[in-house]
Amino acid sequence: PHAVSETSDGTLSTTAEASEDRGYTRIYKQSLFGLILGGSCGVAYGMMDSWGTKEGRRADRFSEAAKNMRTNGIIFGGSFAVFQAAKEATRRARGTKRSDPFDPENTAWASLSIFPMALHPVSRRAMPHMAFLICIDAVNEAGIKLY
């Protein structure tokens, strides 16, 4: 089902994007994106953290490494999902459009969502990596090409 919305020139539009923008589907999609991307980055971070030493690569320590990967996957996935949902909710609350160029205020407000990571020592160690993930997202939204 497509929703009807009024365009800038006064005509009516029945696009799927118009129906998406009426509800909170976009917040759901952004948080799902954050969960998937953050979770996979967290698993990779946990693997590198566990297997970073010769001692950590021993076969009898694999269960510890798997637990570390799972924990970091949950921490990164949850935090980045909350960040993405907060960023989209901030965009909606401020009334900025998705087609607008990168809006640093939205990212700044949404970045406050990662501060709960500072409460626990395990997640506190991952905060710089989470901040880097947010920087990558900001560069991507800005459309800056680094190559």
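This is a short talk on the fold, the salt bridges and one serine of the protein shown above.

Hi everyone, thanks for coming. Please keep in mind that what you see is a predicted model.

Let me start with the overall layout. The protein has five helices and two strands. If you walk along the chain from the N terminus, the order is β-β-α-α-α-α-α. So how much of the chain is buried? Of its 147 residues, 34% count as buried. The exposed area comes to about 9500 Å², and 64% of that is supplied by carbon and sulfur atoms. As for contacts, take those between residues at least 6 apart in sequence: 56% of them join residues at least 24 apart.

Now to the charged pairs. Side chains of opposite charge can pair when their charged atoms come close. How many salt bridges does a search of the whole structure find? The search gives four, and I'd like to show you some of them.

Let's look at R61 and E64. Their closest N and O atoms are 2.9 Å apart, and the two form a salt bridge. Are these residues buried or partly exposed? With a relative accessibility of 47%, E64 counts as partly exposed. R61, at 25%, is also classed as partly exposed, because the cut-off for buried is under 20%.

Next, please find K87 and D137. This pair makes a salt bridge too, with 2.6 Å between the closest N and O atoms. Which parts of the chain does it tie together? K87 sits in helix 3, residues 62-94, and D137 in helix 5, residues 121-142, so the bridge links parts that are 50 residues apart in sequence. Both of these partners are buried.

Staying in helix 3, we come to E88 and R91. They form a salt bridge whose closest N and O atoms are 2.6 Å apart. Here both partners belong to helix 3 and are three residues apart, about one turn of the helix. E88 is buried, and R91 is buried as well.

Let me finish with a residue from helix 5, namely S123. Its relative accessibility is 7%, so S123 counts as buried. What lies around it? A polar atom of the S123 side chain is 3.1 Å from the backbone oxygen of H120. Leaving aside residues up to four places away in sequence, S123 touches I75 and M117. If you have the model open, I75 falls within the span of helix 3, residues 62-94.

That's my tour, and I'm happy to take questions.

Definitions and conventions: Residues numbered from 1 in each chain as written. Predicted model: local features only at pLDDT ≥ 70, side-chain atom pairs only at ≥ 80, totals over all residues. Heavy atoms only, no water. Helix = DSSP H or I, 4+ residues; strand = E, 2+ residues; numbered from the N terminus. Buried < 20%, exposed > 50% of the residue type's maximum accessible area, 1.4 Å probe, protein only. Contact = heavy atoms within 4.5 Å. Areas by Shrake-Rupley, 256 points an atom, 1.4 Å probe, with all protein chains shown as cover. Salt bridge = Lys/Arg side-chain N within 4 Å of Asp/Glu carboxyl O. Polar contact = N/O pair within 3.5 Å; in protein donor to acceptor, adjacent residues only side chain to side chain.
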